[in-house]
Amino acid sequence: MTAVPPGVRAPVVTERLVLRLFTPDDVDDRYAYQRLPDVARFLYRPPLTREGCAESIAARAGGTPWQADGDALLLAVCRAQEPGVVIGEVVLTLANARARQAEIGWVLHPRHAGHGYATEAARALASAAFGRLGVHRLFARLDVLNTASVRVCERLGMRREAHLVDNDLDGDRWGSEYVYAVLAREWTS
Ligand SMILES: CC(C)(COP(=O)(O)OP(=O)(O)OC[C@H]1O[C@@H](n2cnc3c(N)ncnc32)[C@H](O)[C@@H]1OP(=O)(O)O)[C@@H](O)C(=O)NCCC(=O)NCCS
């Protein structure tokens, strides 16, 4: 795969949202939701510290390559009327460059949940993935208890392809996971 073309680095605009690269000015907005235990609950890691937010933003300030396994395009989600205020994020990770497989993820500040913003942002990112980025198969992995995220996958028209039972240990709780996916030829949005 080639590097992310300039058109994808530039903001992606939807009906209500702007998806853009994070800047150092966004650290507090990002920390406001990434610090919350309820947000991190299904992210397979502890809540982020403010320093962690700042470091990961700084590491991506110059954009993201899109060539090697593990390259990840992280975009801030903002409402169109307030493009300087970050309400969440979406991420697209190149899981397997040779087979053009990418993983998608989403996080919203709980204050902005329940308006369809995550689905709208994910739909735009998926369209960019299948369009400019040449992805063949897009997938998402989620804890089976993450019902809000299950609903995002289903609204996007992704297919539940796997139910992995007790495939993770979350503290003293066995975690189970769904894998949802959609192919480029199936993408209609
Ligand atoms: C997963 C997550 C992003 C889902 O957020 P969400 O707000 O429920 O999802 P959306 O933004 O797509 O909003 C959908 C809801 O808004 C409602 N809605 C209200 N107004 C709407 C509108 N104008 N357009 C579309 N939907 C609208 C929908 O009916 C839907 O409600 P429902 O799910 O109760 O049926 C959020 O719960 C989150 O950040 N969780 C923590 C992080 C996480 O777990 N991420 C995923 C890891 S795999």
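1. Where does tyrosine 44 lie? A good place to start: this residue sits in the loop between α3 (37-40) and α4. Please keep in mind throughout that the model is a predicted one. The phi angle of tyrosine 44 is near 65 degrees, a positive value in a residue other than glycine. With a relative accessibility of 38%, tyrosine 44 counts as partly exposed, because that class runs between the 20% limit for buried and the 50% limit for exposed.

2. Aspartate 166 is another residue to look at for its backbone. Its phi is near 50 degrees, again a positive value in a residue other than glycine. Aspartate 166 belongs to strand β7 (residues 159-170). The relative accessible area of aspartate 166 is 41%, so this residue is partly exposed.

3. Now to a pair of helices. The axes of α2 (residues 27-34) and α4 (residues 50-60) come within 9 Å and cross at roughly 130 degrees. The two helices are therefore oblique to each other: angles count as roughly antiparallel over 145 degrees and as roughly perpendicular from 65 to 115. The crossing of α2 and α4 is right-handed.

4. If you would like to display that contact, select Val27, Asp28, Arg30, Tyr31 and Gln34 on the α2 side. On the α4 side, the residues are Arg50, Cys53, Ala54, Ser56 and Ile57. By character, the residues of the contact of α2 with α4 comprise five nonpolar, two polar and three charged.

5. Next, the interior. The largest nonpolar core has 40 residues, and those touching the most other members are Leu19, Leu92, Ile104 and Trp106. Two or more residues each come from the strands β2 (17-20), β3 (72-79), β4 (86-96), β5 (101-108), β6 (137-143) and β8 (173-183), and likewise from the helices α5 (117-130) and α6 (147-155). Helix α5 gives the largest share of this core, nine residues.

6. Leucine 19 deserves its own view. Leaving aside neighbours within four places in sequence, leucine 19 is in contact with Ala10, Pro11 and Val12, with Leu75, Ala76 and Val77, and with Val90. The remaining partners of leucine 19 are Ala121, Ala124 and Leu125.

7. Lastly, which residues does the second, separate core include? Among its 13 residues are Phe22, Leu36, Val39 and Ala76. Ala76 also appears in the list of contacts of leucine 19.

Notes
Residues numbered from 1 in each chain as written. Predicted model: local features only at pLDDT ≥ 70, side-chain atom pairs only at ≥ 80, totals over all residues. Heavy atoms only, no water. Axes fitted to C-alpha atoms, helices over the stretch in contact; angles between N-to-C directions. Helix = DSSP H or I, 4+ residues; strand = E, 2+ residues; numbered from the N terminus. Parallel < 35°, antiparallel > 145°, perpendicular 65-115°, else oblique. Left-handed = near helix turned anticlockwise from the far one by under 90°. Contact = heavy atoms within 4.5 Å. Nonpolar A, V, L, I, M, F, W, Y, C, P; charged D, E, K, R; others polar. Core = buried A, V, L, I, M, F, W, Y, C linked by side-chain atoms within 4.5 Å. Buried < 20%, exposed > 50% of the residue type's maximum accessible area, 1.4 Å probe, protein only.
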